[in-house]
Amino acid sequence: MSIKVSELIVRCLEEEGVCAVFGLPGEEAEELLFSLDQSPILFVPCRHEQGAAFMANVWGRLTGRAGVCLSTLGPGATNLITGIADANLDKAPLVAITGQASRSRLHHESHQNLDVVSMFKPITKWNTAISAPDVVTEVVRKAFKIAEEEKPGATHFEVSEDLAAQKVPKNTRPLPRVRIRRPGPDYKAVGAAVELLKWARRPLVLAGNGAIRKLASRHLTRLVTRHDIPVVSTFMGKGALSDNREQSLFSTGVGFARDYVSEAVDAADLIVTVGYDVAELSPEKWNPKAQKTILHIDFTSGEVYAQYTPEVEIVGDISGTLWELDRRLENESLAFERGWYLPVRKRILEDIRSYDLEEGDRFTVPGVLNIVREVLDEDGVLISDVGSHKIWIARNFPTYTPNGSIISNGLASMGIALPGGIAAALIQPRRQVVTAMGDGGFLMNSQELETARRLSAKFTVLVFNDDDYGLISWKQRLSRDRAVGTAIRNPDFKAYAESFGIRGYRPKTVSELREVLRKVIGGGEMSVVEIPVDTEVNTELILKLKKHWGEPPEIDLSGQTGRL
Ligand SMILES: Cc1ncc(C[n+]2csc(CCOP(=O)(O)OP(=O)(O)O)c2C)c(N)n1
């Protein structure tokens, strides 16, 4: 008795606990699709392979277990690339599966035949083509193991159509998942870190995307609240410490200009990085003179930068390290100044409030975000796309739980938010899910509205409309006083959403906006809310910050919007 290789692959996916595969069909993936059809695993046909890869990506980020996407050979595989690369650079566990032509035609030029394994090499942690039926169980286990182990990322395996149809003995068993303990911190390194902390007066934690994985947030919260250490998070580290906590100084801020939070970073005498990922934020941004004393805590050793030369590196499980440090510090006399960072927190909080919208005001992204925060449950999730709105979400949107806001900041690819919302709504149907994007990012993957509708996914899509690739024109105006190549035009987004059978809204006043958001967020329906936004607030922010730092303005405020 025998089964097909494709059936064995699906059996292995079941063993890995996979419950959904996002993808697009193709002839060379036929065996896999029919085998999936015999399994409890849900195959979600998407409208673009990029959408499928982004869904798997956000699935991985929210669950810590690899999200899975599937495509055919050639064009299907090339379409997957951006979503896979995004997962890899953003440290999201993802397994990609691609079909391939029969092995008998791979040696010569043939229809849709590309060397996908070579193509995916630089965007994955590991990838391979399954070479024979008897290695299937090893390949699938290895793909999941590598994708999920620290630091997580993307893996890929390719299945030729002739191989998929080959037979293996029916009793072939998938290899079991094995729970692996991550190594704990080295005691000498912890000892050196304790000495550094005893020396410090104003330590400050920089929490990166590793600080929201594997329970690190819980241990971080205990350590910093007990010893009154302020925490600044990177965009992807948001929620590692709840912004409700007095010690939270929110995120690293605008990034391309010194923000209020820089005052605390400047004043700190020890920067403790926790799960800090340089793909997100270069150390040149916060340590330009390479003078900071740094304690590095991460699953892996630090990347080499002239501005990142830690005094001590503790390499090992982050939670374990934080727990151990907390224990070791219990009996030490520390000389931390208490509350030294509070004026910075106060300024950040006041700044966020200053964007509150009043009746008659034109909509701005930070103003709308304040209303979203008012309406969204504390444990709801806001998934950001990439653009000027992302900067505002990172800087202004209080986040209370790890993954309470999801931002792509490694590859930082536009188009992730809407597919990401579908993944979030599927995994956590009771959680309030809001996605926020610009008009540019929305139309990059808006075809997935059909997927959302078909799946009866329920979440809110906010489209900030400025008829412009806003972040680019924001930056161009700062450097050259004008923007080129950024102005775009849009369809009627409300009518567009409605053409998919999805409720569309275009509020005109602040009270109407509040009413719409109260109705749609967590309202049990899929909805698209188009919000025309005034972008003057972007340049004004930079002017305000320059004034704060006593720098000359050097910005011309004329011709702000990108409208045609
Ligand atoms: C796939 C991709 N293409 C291009 C870019 C470069 N880029 C970064 S932000 C941005 C503009 C985004 O415009 P929009 O989606 O309208 O959002 P806004 O900036 O207006 O908030 C562009 C083109 C990118 N990050 N990703």
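This report walks through the ligand site, some salt bridges and one buried residue of the structure above.

First, some ground rules. The model is predicted, so local features need pLDDT of at least 70 and side-chain atom pairs count only at pLDDT 80 or more, while totals for chains, interfaces and linings use all residues. Residues are numbered from 1 along each chain as its sequence is written, and side-chain values use heavy atoms, with hydrogens and water left out.

**Around the ligand**

Let's start with the ligand. It has 18 residues around it, and Ser388, His389, Asp439, Gly441 and Leu471 come nearest. Being near here means that one of a residue's heavy atoms lies within 4 Å of the molecule. Sorted by class, this shell has seven nonpolar, eight polar and three charged residues. In that sorting, Ala, Val, Leu, Ile, Met, Phe, Trp, Tyr, Cys and Pro count as nonpolar, Asp, Glu, Lys and Arg as charged, and the others, Gly among them, as polar.

Which helices each supply at least two residues of the shell? They are H15 (388-396), H17 (439-445) and H19 (470-480). H17 gives the largest share, four residues. Helices (H or I, at least four residues) and strands (E, at least two) are DSSP runs, numbered from the N terminus.

Some N and O atoms pair up across the boundary between protein and ligand. A polar side-chain atom of His389 lies 2.8 Å from a ligand oxygen atom. Backbone N or O atoms join in too: one of Met414 is 3.2 Å from a ligand nitrogen atom, and one of Gly470 is 3.0 Å from a ligand oxygen atom. On its own, the ligand exposes 590 Å², and the protein buries 78% of that. Such areas come from the Shrake-Rupley method with a 1.4 Å probe; for residues, only the protein chains shown count as cover.

**Salt bridges**

Now for the charged side chains. A search of the whole structure turns up 35 salt bridges. To count, a side-chain nitrogen of Lys or Arg must be within 4 Å of a carboxyl oxygen of Asp or Glu. Here are three of the pairs:

| Pair | Closest N and O atoms |
|---|---|
| Asp228 and Arg338 | 4.0 Å |
| Arg327 and Glu324 | 2.8 Å |
| Arg514 and Glu374 | 3.0 Å |

How far apart in sequence are the parts tied together by Asp228 and Arg338? Asp228 sits in the loop between helix H9 (216-227) and strand E10 (231-233), and Arg338 in the loop between helix H12 (318-329) and helix H13 (342-353), so the pair ties together parts that are 110 residues apart in sequence. Asp228 is buried at 7% relative accessible area, whereas Arg338 is exposed at 63%. Buried means under 20%, exposed over 50%, and partly exposed in between (1.4 Å probe, protein chains only).

Arg327 and Glu324 are three residues apart in helix H12, so about one helical turn separates them. Arg327 is partly exposed at 40%, but Glu324 is buried at 16%.

Arg514 in helix H21 (residues 510-520) and Glu374 in helix H14 (residues 365-375) link distant parts of the chain, 140 residues apart. Both ends are partly exposed, Arg514 at 23% and Glu374 at 44%.

There is also a network of salt bridges linking Glu16, Arg141, Glu148 and Arg177.

**A buried threonine**

Is Thr451 buried or exposed? Thr451 is buried, with 0% relative accessibility. Its home is helix H18 (residues 448-454). Leaving out residues up to four places away in sequence, Thr451 touches Val44, Pro45, Cys46, Arg47, Met55 and Ile422, where contact means heavy atoms within 4.5 Å.

Terms used. Polar contact = N/O pair within 3.5 Å; in protein donor to acceptor, adjacent residues only side chain to side chain.
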